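Biologist: Hi! Could you walk me through this protein? I'm new to reading structures.

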Amino acid sequence: MEKVRRVVNEIAYAHTLSHLTPFHRSLLPFLSIASTLYKLALSLRRSLYRHRFFQVQRLPVRVISVGNLSWGGNGKTPMVEFIALCFSRYGISPLVLSRGYGGGDEVNMLRRHLLGTPTKFGIGANRAAVASHFIKKYGYIDICKSSWHEKQYLELKVQDSLYSEKIGVVVLDDAMQHWSLWRDLDIVMVNGLTLWGNLQLMPRGPLREPLTALRRADAVVIHHADLVSEHALKDIESMILRIKRSVPIFFTKMDPTYLFEVGTINIKIPLTALHEATVLCVSAVGSAEPFVKQIQKMGALYVDRIDFSDHHIFHARDIEIIRAKLRELEGKFGSKPIVVITEKDYDRDPEILKQLYPFKVFVLCSALKVLPYRGSTEDSFKKFLKDHLKFEWPPAR
């Protein structure tokens, strides 16, 4: 199955057929038929929602959707974390809703990063039902009507009282195609490095919907913008604006912060630990290229890579493949290479990675940053949230 996924991914991101092997080209008719059937099913489903055969449920709180048009690597989960932190810092309790796909690695990572904040996590395919359960359990607060002075007074009186538990906003992770729940704000993430591949629908290409779906976006975020040339960024921006004129566009990047070693998660290791080291990047994420580029920028002597498909769960045979590559690098450079993985890969199964001993396995920790580019800043993004959701940020806690 892993080989099939890799082949499909190579086809999806091949810009010309000449780059494909005869085997890859032989699969195109089957993938094209599957894409046509997918398009028909997508169109029918969309039509049923539009004509109200399927019900769209509303929640009593503001709902923000963070999604994309293509599979994996677009920065959805880091953006969910960024938004949840924004609200948490102002004493507003966010509820993050996820379908929990891929063993829940993304939710596990969010739980660690948002530990100590009032953020709550709901997991399940029926996100409206999950949200209703949490709202019934904790209550809710309308951030557009409540008196923040009264709220803060109550919090001072009873120290993180009932109000800090009440849900003030819902953030949907990977929900652009989740049409059964009404949202007040649709943020669409775009991977600036890979964009939309061959512009074909799944499985012939990486698109979950045609590009015209960008018309539903309230804002578009070009992720990994720091790894893209200015000329390319302008081309991407022009392409988006041709589909939806005047849509707000923001630019983000992943900012590496520190490393930790598998087995000692609470000890932060500086990024300089990779300087002049031989590094093997191992990842099972939607887009490995940005991860590898980050490691290359840290001054490693040599960087090699092993890529698995998104959400791949490591097994004993994978560990052997990684070990074989490590022994090859050790023989070539005369010193033990260091394995570096992403946080998602760590959170999927931290225990199996210990089997790579005596080789060190480091986890790269990063945070999403809004780039100050073409009017896009962190403050302007927060202002966009405030203006679109029609509320005022209370004084920070």
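Modeller: Happy to help; this is a predicted model, and we can go through it topic by topic.

Biologist: Great! Let's begin with salt bridges. How many does the structure hold?

Modeller: There are 22 salt bridges in the structure. One of them joins R112 and D347, whose closest N and O atoms are 2.8 Å apart.

Biologist: Where do R112 and D347 sit in the chain?

Modeller: R112 belongs to helix α4 and D347 to helix α11, so this pair ties together parts that are 235 residues apart in sequence.

Biologist: And is D347 buried or exposed?

Modeller: D347 is buried, because its relative accessible area is 9% and buried means under 20%. R112 has a relative accessible area of 25%, so R112 counts as partly exposed.

Biologist: Since we're at α4, which of its residues are buried?

Modeller: Helix α4 covers residues 105–113, and D105, E106, V107, M109 and L110 are buried there.

Biologist: What do those buried residues pack against?

Modeller: Quite a list! The buried residues of α4 pack against helices α3 (76–88) and α11 (343–348), and also against strands β2 (93–98), β3 (120–123) and β4 (167–173).

Biologist: Okay, changing topic. What is going on around R127, which is buried yet has no salt bridge?

Modeller: R127 is in helix α5, which runs over residues 127–138. The nearest side chain of opposite charge is that of D174, 5.6 Å away. A salt bridge needs the nitrogen and oxygen within 4 Å, so that distance doesn't qualify.

Biologist: Then which backbone oxygen lies 2.7 Å from a polar atom of the R127 side chain?

Modeller: That is the backbone oxygen of D173. Leaving out residues up to four places away in sequence, R127 touches several residues, among them R99, L172, D173, D174 and H178.

Biologist: You mentioned D174. Which residue forms a salt bridge with D174, with the closest N and O atoms 2.5 Å apart?

Modeller: R208 does. R208 lies in the loop between β5 and β6, while D174 lies in the loop between β4 and β5, so the pair ties together parts that are 34 residues apart in sequence.

Biologist: Is R208 buried or exposed?

Modeller: R208 counts as buried, because its relative accessibility is 13%. D174 is buried too, with a relative accessible area of 11%. These two are also linked with R99 in a network of salt bridges.

Biologist: Nice. What about the salt bridge of K382 and E378, where are those two?

Modeller: Both are in helix α12, four residues apart, which is about one turn of the helix. Their side chains meet in a salt bridge with an N to O distance of 3.3 Å. K382 counts as buried at 16% relative accessibility, whereas E378 counts as partly exposed at 29%.

Biologist: Let's go to the surface. Which residues make the nonpolar patch?

Modeller: I33, L37 and L40 make a nonpolar surface patch of about 320 Å². L37 lies in helix α2, residues 22–50. At 53% relative accessibility, L37 counts as exposed, because the exposed class is over 50%.

Biologist: And what does helix α1 pack against?

Modeller: Its buried residues pack against α2 and β10 (302–307). Those buried residues are E2, V7, V8, I11 and A12, in a helix that spans residues 2–12.

Biologist: Now prolines! Which peptide bonds into a proline are cis?

Modeller: One is the bond from M202 to P203, with omega near -5 degrees. Another is the bond from Y357 to P358, with omega near 15 degrees. P203 is in the loop between β5 (185–191) and β6 (219–223), and P358 is in the loop between α11 and β12 (361–370).

Biologist: What does P60 touch?

Modeller: P60 touches I135 and Y140, not counting residues up to four places away in sequence. P60 lies in the loop between α2 and β1 (62–68) and counts as partly exposed at 36% relative accessibility.

Biologist: Last one: what is phi of E276?

Modeller: Phi of E276 is near 65 degrees, a positive value in a residue other than glycine. E276 is in the loop between β8 (264–269) and β9 (278–283). R374 has a positive phi as well, near 50 degrees, and its place is the loop between β12 and α12.

Note on methods:
Residues are numbered from 1 along each chain as its sequence is written. This is a predicted model: local features need pLDDT of at least 70, side-chain atom pairs count only at pLDDT 80 or more; totals for chains, interfaces and linings use all residues. Side-chain values use heavy atoms; hydrogens and water are left out. Buried means under 20% relative accessible area, exposed over 50%, partly exposed in between (1.4 Å probe, protein chains only). Lys and Arg count as positive and Asp and Glu as negative; His and the chain ends are not counted. A polar contact is a pair of N or O atoms within 3.5 Å; within protein, one must be able to donate a hydrogen and the other to accept it, and residues adjacent in sequence count only if both atoms are side-chain atoms. Contact means heavy atoms within 4.5 Å. Patches are made of residues with over 30% relative accessible area and no salt bridge: like charges are joined within 9 Å, nonpolar side chains (Val, Leu, Ile, Met, Phe, Trp, Tyr) within 5 Å. Accessible areas come from the Shrake-Rupley method with a 1.4 Å probe; for residues, only the protein chains shown count as cover.
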